[in-house]
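Biologist: Could you take a close look at one part of this structure for me, in a connected account, and explain each term as you use it?

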Amino acid sequence: MSKMFKIFKPSSGLIKRYQSQIQNNRDAWRTKIKKHAFYLSGYHKYGLYTHDIFYEQDPVIREALRRLPIQVLDGRNFRLIRSSQLDFLKIHLPKEKWITYEQDMEYRYLDPYIEEIKAERDEIYQFGCTNYSDNDWPSCEVK
């Protein structure tokens, strides 16, 4: 009976052999879960991207929105107004106009600005500048 309950310990060669498959399987599961969460959220039915629903009062997001080109900002504002109107009317866009997960992953328009702002913030803290706090940095006005 004790042989039946013996714990199987794979050899190190076996682990090395299948490590890439295990990692690929983990990545596939993560992708599937992210995709499922994206479709469960429901904002793609209104034509919104993930970056359209970021919290605008966050100082980093506010600064990133301020740095956006006017055409991209107008597109974002149009999508937000359209989604508000659709929500008020309790309807969704036609399925042809829904945002897919792949489209959303490609169109992350705030990422370069957020990375740039975080790099600037790290540089300010690295030099020991104490003029900024977490609440008021970055301000909406350029000095």
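Modeller: Let us start with F38, which is buried, its relative accessible area being 6%, where buried means under 20%, exposed over 50% and partly exposed in between, using a 1.4 Å probe and protein chains only. This is a predicted model, in which local features need pLDDT of at least 70 and side-chain atom pairs count only at pLDDT 80 or more, while totals for chains, interfaces and linings use all residues. Residues are numbered from 1 along each chain as its sequence is written, and side-chain values use heavy atoms, with hydrogens and water left out.

Y43 also counts as buried, at 16% relative accessibility. Five aromatic pairs are found in the structure, a pair being two rings of Phe, Tyr or Trp (its six-membered ring) with centres within 6.5 Å, called stacked if the planes are under 30 degrees apart, edge-to-face if over 60 and tilted otherwise. Between F38 and Y43 the ring centres are 5.8 Å apart and the planes stand at 90°, so this pair is edge-to-face. Looking outward from these two residues, we find that F38 and Y43 belong to one aromatic cluster together with Y39 and Y101.

Another ring to look at is that of W29, because the charged end of K32 sits over this ring, at 5.5 Å from its centre; the term requires NZ of Lys or CZ of Arg within 6 Å of the ring centre and within 35 degrees of the ring normal.
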